[in-house]
Amino acid sequence: MYRIAFTNNDVNVVSSEPSSAQMVPQAPLDLTEFAFLLYSAPRMKLSKNNRSTFLTITALGILIGSLGWEVFERILARLGVEISLGIGPVGFDLSVLSLYLVINPGTFLGILGGFLLIK
């Protein structure tokens, strides 16, 4: 059995096989411990070398957040709750290519996710 201890941004893995007398039921991970693990997770620092990665992650966050919010609105519509918090469509139209995106709260959550992944 492995036990992982988190202290001051260090991770210690302790390998020990406890006897039956030492086995104590573990409490489930509470919200404060989860928030600490999420906050102390290693992140990328924005630099010239990883700018394209940052833009890619942010663009994927925008798309996933927008689509996820749209699905959420449709589920609520099926349940009888009509909300529409979208702005737009915002985009561009060339003669060959057109791209439009409805901006909604999921878009901003996706952008926030990109910023949280990269400091």
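A: Two strands pair if DSSP finds at least two bridges between them. Keep that in mind for the hairpin here, and remember that you're looking at a predicted model.

Q: Okay, so in which sense do β3 and β4 pair, and over how many bridges?

A: They pair in the antiparallel sense, over five bridges. For one concrete contact, take isoleucine 87, whose bridge partner in β4 is isoleucine 103.

Q: How many residues does the hairpin use to join β3 to β4?

A: Four residues make that connection. Valine 96 is found in this loop, between β3 (87–93) and β4 (98–103).

Q: Is valine 96 buried or exposed?

A: The cut-off for exposed is over 50% relative accessible area. Valine 96 has 79%, so it's exposed.

Q: And how many of the seven residues of β3 are buried?

A: Buried means under 20%. For β3 the count is zero, so you can call this strand hardly covered.

Q: Which residues form the nonpolar patch on the surface?

A: Phe92, Leu94, Val96, Leu97 and Leu99 form it, with about 530 Å² of accessible area together. Val96 is the loop residue we just talked about.

Q: Let's do rings. What describes a pair of aromatic rings?

A: Two things: the distance of the centres and the angle of the planes. Searching the whole structure turns up two aromatic pairs. In one of them, phenylalanine 54 and phenylalanine 115 have ring centres 5.4 Å apart and planes at 55°. Planes under 30 degrees apart would be stacked and those over 60 edge-to-face, so this pair is tilted.

Q: Where in the chain do phenylalanine 54 and phenylalanine 115 sit?

A: Phenylalanine 54 is in helix α2 (residues 51–78) and phenylalanine 115 is in helix α3 (residues 105–117). With their positions 61 residues apart, the pair links distant parts of the chain. The two rings also have their own cover: phenylalanine 54 counts as buried at 11% relative accessibility, while phenylalanine 115 counts as partly exposed at 47%.

Q: What about tryptophan 69 and phenylalanine 72, how far apart are the centres of their rings?

A: Those centres are 5.2 Å apart, and the planes sit at 55°, so this pair is tilted. Both residues lie in helix α2, three residues apart, which is about one turn of the helix. Tryptophan 69 is buried, at 17% relative accessibility, and phenylalanine 72 is partly exposed, at 39%.

Q: Now charges. What can side chains of opposite charge do when their charged atoms come close?

A: They can pair. The structure holds one salt bridge. Glutamate 70 forms it with arginine 74, and the closest N and O atoms are 3.1 Å apart. The cut-off is 4 Å, so this contact falls within it.

Q: Where do glutamate 70 and arginine 74 lie?

A: Both are in helix α2, four residues apart, again about one turn of the helix. Glutamate 70 is partly exposed, with a relative accessible area of 29%, whereas arginine 74 is exposed, with 56%.

Q: One last thing: how far apart are alanine 59 and threonine 107, in sequence and in space?

A: They're 48 residues apart in sequence and 9.6 Å apart in space, going C-alpha to C-alpha. Alanine 59 has its place in helix α2, and at 37% relative accessibility this alanine counts as partly exposed.

Technical notes: Residues are numbered from 1 along each chain as its sequence is written. This is a predicted model: local features need pLDDT of at least 70, side-chain atom pairs count only at pLDDT 80 or more; totals for chains, interfaces and linings use all residues. Side-chain values use heavy atoms; hydrogens and water are left out. Patches are made of residues with over 30% relative accessible area and no salt bridge: like charges are joined within 9 Å, nonpolar side chains (Val, Leu, Ile, Met, Phe, Trp, Tyr) within 5 Å. Accessible areas come from the Shrake-Rupley method with a 1.4 Å probe; for residues, only the protein chains shown count as cover. A salt bridge is a side-chain nitrogen of Lys or Arg within 4 Å of a carboxyl oxygen of Asp or Glu. Helices (H or I, at least four residues) and strands (E, at least two) are DSSP runs, numbered from the N terminus. Buried means under 20% relative accessible area, exposed over 50%, partly exposed in between (1.4 Å probe, protein chains only). Rings of Phe, Tyr and Trp (its six-membered ring) pair if their centres lie within 6.5 Å; planes under 30 degrees apart count as stacked, over 60 as edge-to-face and the rest as tilted.
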